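Visitor: Could you take me through the enclosed empty space in this one? I'd like a close look at that part alone, with what lines it.

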Amino acid sequence: MFESSKIVKVIEGRGRGTRGGPYVYVVEGNELVHISEYAIRTLSGKYRDQIVYEVPVEKVKGKIIYCFSFSRSGGAFLRKCRIEDFHNGRPKTYEYYESLHKKIHEIRGLRFKVKDPTLAELISEFNQSFIQMINEIREYGRKMGFEYLFMGHLARLENAFKNPELYYFTFMSLPNDRSRIRSLKNTRKWIYELWVLKLVCECLQVSKFSDPLSRGKPYWWIEQGSSFSTCIGETPLGELTFWLEFQPEKGAHMMGMFIGKRVAVRPDIVIVRGRFERTKDFIDSGKAIDVLIECKEDPFDRWKDEIESQILQYKKNFRPKLLIVASLKPIPANVRSYLQSSGIEVIDNLSPSGKNIEILCNLLHAKLMRR
């Protein structure tokens, strides 16, 4: 007989985000409530990446509990149990971990409890706008006959592309709203960059993409700071090479550690004339960047400080022939004027429902047609 007055220890892993866990949630109606809300005491675990919750059994007795866990490679898993199944901080035998993808039908009607209104707003906007961007990006890949390769630490972005519902249950399984916001904002950033790159390729009338690694099918190689270019496309202007999160060399992002301030080193989109399979090939060529596009998916107030620390630094350090700030949201008129007076073009309200895509196309053609 399991004593209802008993205190049960529940162990969670921390510090590895959606490459760690388990993260433990109790079902209350149609909500998933984190186990910490039932604990009477929180302790440090045996290991540094563990946290222990002491939970009175009577608070959760008989209720369904779900444990979300992740592999080091980003694979997502789910386990169903009850508080009565816990022993030494872990569930014993009730049900073993299975792929979240295979189990998602079981939790489809549930939603995580959200306290932070900023998170609620971001989720709403993701559902309204970013899923549409994903659909448009995926459709472009199907139409052009290439695949998207998500490399490095982009498991969550790949989730969002393959199954937005699965993506919701991965990033929202993180135990606090701040971590969830950070994860969601990173995914939003990548989606907007990819969507703008899709627009750019359409504007420049890419007829087909290359297969530099001879994989058997053209692709976009999506990885932060990769040594490979994202894609190479044939256009009426000749071959063009495109990068997402362009990084001139692997150690460049660490420069700020030595000079004591943030250094802007990864422009969102870089376009150059010619064929360059690796970033080093382009750097060694000594050629100039034809187009650099910095994408901003957040409201202006959230990135206004980056005008000096990032955007103007990109113009100074990379010296592109054309630098564009592409913003999902409106940019104040005085800021637009300031950037334009600094030789930087601005396109705001660039969204699936916006009308400024033609402006982007005109800018690209005007600059790239000019030798």
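Guide: Here's a walk through the cavities and the residues around them.

A word on the ground rules: this is a predicted model, so local features need pLDDT of at least 70 and side-chain atom pairs count only at pLDDT 80 or more, while totals for chains, interfaces and linings use all residues. Residues are numbered from 1 along each chain as its sequence is written, and side-chain values use heavy atoms, with hydrogens and water left out.

Rolling a probe the size of a water molecule over the atoms shows where empty space is left. A cavity here is a set of points, on a 1 Å grid over the protein atoms alone, where a 1.4 Å probe fits but cannot get out. Points are joined across faces, edges and corners, and the volume is the space filled by probe spheres set on them. With a cut-off of 30 Å³ or more, the structure holds 2 cavities.

The largest cavity takes up about 70 Å³. Its lining residues (an atom within 4 Å of a point) are Ser210, Pro212, Leu213, Tyr219, Trp221, Phe228, Ser229, Thr230, Cys231, Ile232 and Glu277. Strand 14 (219–222) and strand 15 (231–235) are the elements giving two or more residues to that lining; strands are DSSP E runs of at least two residues, numbered from the N terminus. By type, you get 7 nonpolar, 3 polar and 1 charged. For that split, Ala, Val, Leu, Ile, Met, Phe, Trp, Tyr, Cys and Pro count as nonpolar, Asp, Glu, Lys and Arg as charged, and the others, Gly among them, as polar.

Tyr219, one of those lining residues, also has a charge for company: the charged end of Arg215 sits over its ring, 5.9 Å from the centre. To count, CZ of Arg (or NZ of Lys) must be within 6 Å of the ring centre and within 35 degrees of the ring normal.

Now the second largest cavity, at about 30 Å³. Trp221, Glu223, Ser226, Phe228, Thr230, Trp243, Leu244, Glu245 and Phe246 line it. You've met some of these names already: Trp221, Phe228 and Thr230 belong to both linings. This second lining divides into 5 nonpolar, 2 polar and 2 charged, with Glu223 and Glu245 among its residues.

Terms used:
1 Å grid on protein atoms, 1.4 Å probe; cavity = no way out; pocket = protein on both sides within 12 Å on 5 of 7 lines; lining within 4 Å. Helix = DSSP H or I, 4+ residues; strand = E, 2+ residues; numbered from the N terminus.
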